Amino acid sequence: MGQGRIKLKNLKLLLTLPGSGVFTVHTGAEKKEKLLKAYYGTTSAEKAKPKWEKTLDDLNTNLPLVLGIPSDNGGGIHRGANWGPLAIRQELLADKKSFKDLGDVRVIPHLLHDKYLNEETLKICRKALYGKNNKLPVSPLSIAELALAEIYKKHPHAKILGLGGDHSVSYPLVRAWLSSRKHKKKAALLHFDAHTDLLDRRMGIDLCFGTWTYQILDDLHSTDHIVQVGIRSSGKDKKHWKKSLGVEQHWASEVNKLGAEKIYQKIKSHYQKIGVEEIYITFDIDALDSRYAAATGTPEPDGLIPTDCAAIIMMLSHSTKLLVGCWRHGKNPSEINFKMRRIEFPPVVNATEDGLVAIGGDLELDTLVTAYRQGIFPWPVSLEHPLAWFSPDPRGILVMDDLHLSKSFSKFLKKSEYKVTFNQNFTEVINQCAASYRKNQSSTWITPDIIQGYEKLFKAGLAYSVEVWDGEQLIAGLYGVCMGDFISGESMFTKEDNASKLALYELIIRLKKMGIQWLDTQMVTAVVEGFGGKYISRPEFLQLLSKKDWTKKRNEIF
């Protein structure tokens, strides 16, 4: 029996079905049933339970593991964060095949940690939770810590995403993760929040939403292994926390002034300096500005914008081993105005004859990622439609095994002294593509907005460029999207005969070497056709797309 099938001793007692951690008879029943139906094909908890337990029996997977900790003992002006895990899961249903759900920690409202309970209370609560007086914990933070410890013991490389809950739920998540690391010196914490949570005690309590970060400092190799981002509601200034505790901080005002890329560079430089290789992220929703998260427990103005947070996380994911470990929800989901934008495109089967799916929208990271994962790409076609989205049928692709070289190009390859590089000058390549003259086109489709959008993708590690050099002069290139092992070719330019073909050839050779079987070319131009490109139907393309590994990183390919 493989390690993945080893049964974890207490897990099925400590946890319960996803969305069911808060015990209610009628409240939230409709949402709970919808979740069970989506996961297990039934609205019956009794029938869903064996299927859920089967998930717990086999955790040997590279997929992220989702754990709900629906506990709310926060001090916010709004209540309801205990329903956060259920609400967030509703938004994740479209991607349910990309993760495994461990279920929820079982929560007795008002309890926090077993250290605050006497023996009589423990005895009564154990009987209520487990039907007998055993030695298992009864408070949400204590239950979570034991459950996580069991999982990490058998699966030290597990990627666990915790959903809260008030921010005290990060304490067991972070502590268990740190305890599982063999080399603590290389493990660090990235904490997005409006508040520092660095009080040693709050109203006499040493473990709660306002103190958990302070309590975790002892578990870190050093206090400089934590970086906080988005701080703006603190009784002490940034210098105080640096001097007294050694904690690195980037306040919201700094992030909004400098932008995501510069903050990313600062964080990356700091972690590299101290030898960090693994980062655990904990994200309190009130790190966001109140216009995006107006219904959090403690909405704060002048906060971060969602795309900056996403950009920082995406960029860090390409330079370190990253684990997004805890998402702290705010309030009852019916009163949330914004839950990290949900981007939806019309079904591609409803596209027009020429492949038009939608008009309008924006070119933010989340929009572009959502589009490409559905086989859709942006293509401004006119002044009337400055941003249009297409999924053409048929679709152009280039299969690596179909590569064909003409005799003339083969001769060119033998004689060429041009140098080819990857990702050395993305900005110049895309601007040269925009400036290139093309027959039957009165203007370029690569607008300033397209350039800006794809530069964001590149900075986030989701786009690439190929450059061809004659000495120090850039004479040709192409750029495209790289999301996991999905690679597209968007556009190319050339100033010399065969130079752009050389860029495409070197891209094909690189992809073939990395085991990537096909390239999305969208259309089959004369150059693409000369290399063996062809058209396939949209259903065929979407079938190929569905088999892509979206987790691979750019630096693993280029």
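## The chain as a whole

Among contacts in the chain between residues at least 6 apart in sequence, 72% join residues at least 24 apart. Keep in mind that this is a predicted model. The secondary structure adds up to 19 helices and 20 strands, and of the 558 residues, 54% count as buried.

On the surface side, the chain has an accessible area of about 26,100 Å², with 50% of that belonging to carbon and sulfur atoms.

## Two nonpolar cores

In soluble globular proteins, nonpolar side chains tend to be buried together. Here, the largest nonpolar core has 73 residues, and Leu190, Phe192, Tyr454 and Tyr479 are the ones with the most contacts inside it. Helix H12, residues 306-317, supplies the largest share of this core, at 6 residues.

There's also a second core, separate from that one, with 67 residues. Val105, Leu129, Ile143 and Leu163 are among its members.

## Strand E2 and its two partners

Strand E2 covers residues 65-68. Leu65 and Leu67 point one way, Val66 and Gly68 point the other way, and all are buried.

E2 has a parallel partner in strand E3 (residues 100-105), joined by 4 bridges, and another parallel partner in strand E4 (residues 160-164), also through 4 bridges. Gly68 is a handy place to look if you want to see both pairings: Gly68 stands opposite Asp104 in E3, and its bridge partner in E4 is Leu163. That Leu163 is also one of the residues in the second core.

## Strand E8, covered on both faces

Strand E8 runs over residues 278-284, and 7 of its 7 residues are buried. In a regular strand the side chains alternate between the two faces of the sheet. For E8, one side carries Glu278, Tyr280, Thr282 and Asp284, while Ile279, Ile281 and Phe283 sit on the other, and all of them are buried.

The pairing here is with strand E5 (residues 187-192), in the parallel sense and over 6 bridges. To find the match-up on screen, start from Ala187, which stands opposite Glu278 in E8.

## A three-strand antiparallel sheet

Now for a sheet with antiparallel pairing: an open one of 3 strands, in the order E19-E13-E20. E19 and strand E20 (534-536) are the edge strands, each pairing on one side only. On average, neighbouring strands of this sheet are turned by 45° against each other, direction ignored.

Strand E13 (residues 395-399) pairs with E19 in the antiparallel sense over 4 bridges, and Leu398 has Leu519 as its bridge partner in E19. E13 and E20 pair in the antiparallel sense too, over 3 bridges, with Ile397 standing opposite Lys534 in E20.

## A closer look at E19

How many of the residues of E19 are buried? The count is 5 of 5. Trp518, Asp520 and Gln522 are buried on one side, and Leu519 and Thr521 are buried on the other, so to speak leaving both faces of E19 covered.

Two polar-looking names at the end of the strand deserve a visit. Thr521 lies in E19, which spans residues 518-522; Thr521 has a relative accessible area of 10%, so it is classed as buried, the cut-off being under 20%. Leaving aside neighbours within four places in sequence, Thr521 is in contact with Gly396, Ile397, Leu398, Gly489 and Val528.

Gln522 lies in E19 as well, and at 7% relative accessibility Gln522 counts as buried. Again leaving aside neighbours within four places in sequence, what is Gln522 in contact with? The list is Tyr372, Phe377, Pro392, Arg395, Gly396, Ser488, Gly489, Glu490 and Tyr535. Gly396 and Gly489 turn up for both Thr521 and Gln522.

## Cysteines

What does a search of the whole structure for disulfides find? It finds 0. Cys208 is buried, with a relative accessible area of 7%, and Cys482 counts as buried at 2% relative accessibility.

Technical notes. Residues are numbered from 1 along each chain as its sequence is written. This is a predicted model: local features need pLDDT of at least 70, side-chain atom pairs count only at pLDDT 80 or more; totals for chains, interfaces and linings use all residues. Side-chain values use heavy atoms; hydrogens and water are left out. Helices (H or I, at least four residues) and strands (E, at least two) are DSSP runs, numbered from the N terminus. Buried means under 20% relative accessible area, exposed over 50%, partly exposed in between (1.4 Å probe, protein chains only). Contact means heavy atoms within 4.5 Å. A nonpolar core is a set of buried Ala, Val, Leu, Ile, Met, Phe, Trp, Tyr and Cys residues joined through side-chain atoms within 4.5 Å. Two strands pair if DSSP finds at least two bridges between them. Axes are lines fitted to C-alpha atoms, for helices over the stretch in contact, and angles run from 0 to 180 degrees between N-to-C directions. A disulfide is a pair of cysteine sulfur atoms within 2.5 Å. Accessible areas come from the Shrake-Rupley method with a 1.4 Å probe; for residues, only the protein chains shown count as cover.
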